[in-house]
Amino acid sequence: MNNFEDMQKLGKDNMDVVMQSFGAMTKGFQAIASEVADYQKKSFETGTAAVEKLVSAKSLDKAFEAQSEYVKTAYEGFVGEVTKIGEMYSDLAKDAYKPYESAFSKVAK
């Protein structure tokens, strides 16, 4: 009877580990989705402002200046956002793996 109880405990422990990992993944994906949505909103607003500035330019030089400024800002924002999202995915992987680390350390002992 002791073996059956041990198997039940092992099954419960494994299920707890899996659920903790899924919980961490869910939180991570929600954070990433929120970040992407915020970036898209900011990007749209910046693009709209740039178009308004471009349309209201009085000369060709001012139009080129507005367009160059927008491209520079958009590129820097994109690179920063991609870096941030990459870090978020890295953190997600680490957080999802943490429950398995403790389970593996118990097995190794």
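Which backbone oxygen does the side chain of S21 reach? The legends below concern a predicted model, in which local features need pLDDT of at least 70, side-chain atom pairs count only at pLDDT 80 or more, and totals for chains, interfaces and linings use all residues. Residues are numbered from 1 along each chain as its sequence is written, and side-chain values use heavy atoms, with hydrogens and water left out.

**View 1. Surroundings of S21 in helix 1.** The side chain of S21 reaches the backbone oxygen of A96 at 2.9 Å. A polar contact is a pair of N or O atoms within 3.5 Å; within protein, one must be able to donate a hydrogen and the other to accept it, and residues adjacent in sequence count only if both atoms are side-chain atoms. With a relative accessible area of 5%, S21 is buried (buried means under 20% relative accessible area, exposed over 50%, partly exposed in between, with a 1.4 Å probe and protein chains only). When neighbours within four places in sequence are left aside, S21 is in contact with A96, P99 and Y100, contact meaning heavy atoms within 4.5 Å.

**View 2. Helix 1 and its buried residues.** Helices (H or I, at least four residues) and strands (E, at least two) are DSSP runs, numbered from the N terminus. The 54 residues of helix 1 should span 80 Å at 1.5 Å a residue, and the end C-alpha atoms of helix 1 are 79 Å apart, which agrees; the expected span is 1.5 Å times one less than the number of residues. The buried residues of helix 1 include V17, A24, G28, I32, G47 and A50.

**View 3. The aromatic pair of F29 and Y89.** A search of the whole structure finds 1 aromatic pair. The ring centres of F29 and Y89 lie 6.4 Å apart and the planes stand at 70 degrees, so the pair is edge-to-face. Rings of Phe, Tyr and Trp (its six-membered ring) pair if their centres lie within 6.5 Å, and planes under 30 degrees apart count as stacked, over 60 as edge-to-face and the rest as tilted. Because F29 belongs to helix 1 (residues 2-55) and Y89 to helix 2 (residues 60-108), the pair ties together parts that are 60 residues apart in sequence. F29 is partly exposed, at a relative accessible area of 38%, and Y89 is also partly exposed, at 41%.

**View 4. Salt bridges between helix 1 and helix 2.** The structure holds 5 salt bridges, each a side-chain nitrogen of Lys or Arg within 4 Å of a carboxyl oxygen of Asp or Glu. In one of them, the side chains of E35 and K84 meet at 3.4 Å, N to O. This pair links distant parts of the chain, with E35 in helix 1 and K84 in helix 2, 49 residues apart. E35 counts as buried at 12% relative accessibility, whereas K84 counts as partly exposed at 40%. The side chains of E69 and K53 also form a salt bridge, at 3.3 Å, N to O. E69 lies in helix 2 and K53 in helix 1, so the pair ties together parts that are 16 residues apart in sequence.

**View 5. A salt bridge within helix 2.** K98 and D95 form a salt bridge whose closest N and O atoms are 3.6 Å apart. Being 3 residues apart in helix 2, the two are separated by about one helical turn. K98 is partly exposed at 49% relative accessibility, as is D95 at 35%.
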